[in-house]
Amino acid sequence: MLSNGKPDSRLTVKKKSQASRVEILNDGGFRSDGRKQYELREIHIDFSLQGPADASVTFQHGLTQVLISVLGPREAKMRSHTIHDRANINVEVNVAAFCTGERRKRSRGDKRMLELASTIKSTFEPVIQTHLYPRSQIDIFIQVIQQDGGLLPACLNGTTLVLAAAGIALFDFVCAITGGVHSTSPLLDLNTLEENDAPHITVAVMPRSGRVTLVTMETRLHVDRFEEIFRLAVDASHILHHEMKAALQRRTRSLVSTMGSGARADHAKEFDMEE
């Protein structure tokens, strides 16, 4: 209150800004999107083939959606990209202009996208059995359609599925998830709102071997909280592995059924011709 009896406008503005801020975790233990602390977002996986790709997958994790296609192994277009004893992995990431709130078009030389592509490439180089495909190239194209947190894990999980669908030999699955902490409360599978507010890490695990292929941290996280978040992320990766493996098994059963139907139709046609 000022000396003239009028309220201070600064206090009013401050009160409005506090009221408009979305609560990350309320007293009831629910997050801004209605999930509990350790609850993961829903996953949708679609293996519909796109264009000339050898395999494609649309991977949706919550509101984050990516379309990933793979071509190869095939002969490299440039001789400089040929490695005599193993395959060369090429990763390209493109972001749709409408997928985020910024509404701006990113060029191919965007630093953030180049860094994301480099991280994906370095994560899969020890996972793909590249020695089986010498003097060849595997191209992975990632199109970000919608982004609401957990972009890197969605790209890694989707890439694992599309490589398996293309018949490329892998040592193991790569299952990735984000984990963070709000105040003193651990969180799993953060959305954009939570990533902007809470310190977090991304962990990628090979479930069968138990090896960790990637740990990234773009924000500061206290060392006392790191081990707890890391262990939660590793446990969550096994749940993701179960969902991803089940999706691949459903696709394989569908392909086998389709091939069996085609073989029976061809056999019936030959029998009719003989008659």
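Let me begin with a word that I will use throughout: a residue is called buried when its relative accessible area is under 20%. With that in mind, of the 275 residues of this protein, 40% count as buried, and I should say at once that what we are looking at is a predicted model.

Let me start with the overall layout. The protein has 5 helices and 9 strands, and if you follow the chain from the N terminus, the elements run α-β-β-β-β-α-β-α-β-β-α-β-β-α. Among the contacts between residues at least 6 apart in sequence, 68% join residues that are at least 24 apart.

Now to the sheets, and a general remark may help here: strands of a sheet pair through backbone hydrogen bonds, and they do so either parallel or antiparallel. One open sheet in this protein is made of 5 strands, which are arranged in the order β1-β2-β3-β5-β4 with mixed pairing. Its edge strands are β1, residues 43-46, and β4, residues 88-95, each of which pairs on one side only, and from one strand to the next the twist averages 15°. Within this sheet, strand β2, residues 55-61, and strand β3, residues 64-74, are joined by 7 bridges in the antiparallel sense, and as one example of how they line up, Ala-55 stands opposite Val-70 in β3. Helix α2 packs on this sheet, where it touches β4 and β5, the latter being residues 137-146, and the direction of α2 makes about 145° with that of β4. Helix α3, for its part, lies across β1, β2, β3 and β5, and runs at about 40° to β3.

The next open sheet has 4 strands in the order β7-β6-β8-β9, and here the pairing is antiparallel. The edge strands are β7 and β9, the latter covering residues 211-216, and each of them pairs on one side only, while the twist from one strand to the next averages 25°. Strand β6 pairs with strand β8, residues 200-206, over 6 bridges in the antiparallel sense, with Gly-179 standing opposite Ile-201 in β8. Helix α3 comes back into the picture at this point, as α3 also lies across β6, β8 and β9, running at about 165° to β6.

I would like to stay for a moment with β6 and β7. Strand β6, residues 175-182, is joined to β7 by 4 bridges, and the two run antiparallel; among the bridge partners, Val-181 is matched with Pro-186, and Gly-180 with Leu-187. The two strands form a hairpin with 2 residues between them, and Ser-183 in the turn has a positive phi of about 60°.

How are the faces of β7 placed, buried or exposed? In β7, which spans residues 185-188, both faces are covered, with Ser-185 and Leu-187 buried on one side and Pro-186 and Leu-188 buried on the other. Its partner β6 is mostly covered too, since 7 of its 8 residues are buried.

Finally, let me turn to the way in which the helices α2 and α3 meet. Two packed helices are described by the angle between their axes and the distance between the axes. For helix α2, residues 111-124, and helix α3, residues 151-165, the axes come within 11 Å and cross at roughly 45°, which means that α2 is oblique to α3. The crossing in which α2 passes α3 is right-handed.

Which residues in α2 and α3 meet? On the α2 side they are Leu-116, Thr-119, Ile-120, Thr-123 and Phe-124, and on the α3 side they are Leu-151, Leu-152, Cys-155, Leu-156, Thr-159, Thr-160 and Leu-163. Sorted by class, this contact of α2 with α3 has 8 nonpolar and 4 polar residues, and no charged ones.

Terms used: Residues are numbered from 1 along each chain as its sequence is written. This is a predicted model: local features need pLDDT of at least 70, side-chain atom pairs count only at pLDDT 80 or more; totals for chains, interfaces and linings use all residues. Side-chain values use heavy atoms; hydrogens and water are left out. Buried means under 20% relative accessible area, exposed over 50%, partly exposed in between (1.4 Å probe, protein chains only). Two strands pair if DSSP finds at least two bridges between them. Axes are lines fitted to C-alpha atoms, for helices over the stretch in contact, and angles run from 0 to 180 degrees between N-to-C directions. Angles under 35 degrees count as roughly parallel, over 145 as roughly antiparallel, 65 to 115 as roughly perpendicular and the rest as oblique. A crossing is left-handed if the near helix is turned anticlockwise from the far one by less than a right angle, and right-handed if clockwise. Contact means heavy atoms within 4.5 Å. Ala, Val, Leu, Ile, Met, Phe, Trp, Tyr, Cys and Pro count as nonpolar, Asp, Glu, Lys and Arg as charged, and the others, Gly among them, as polar.
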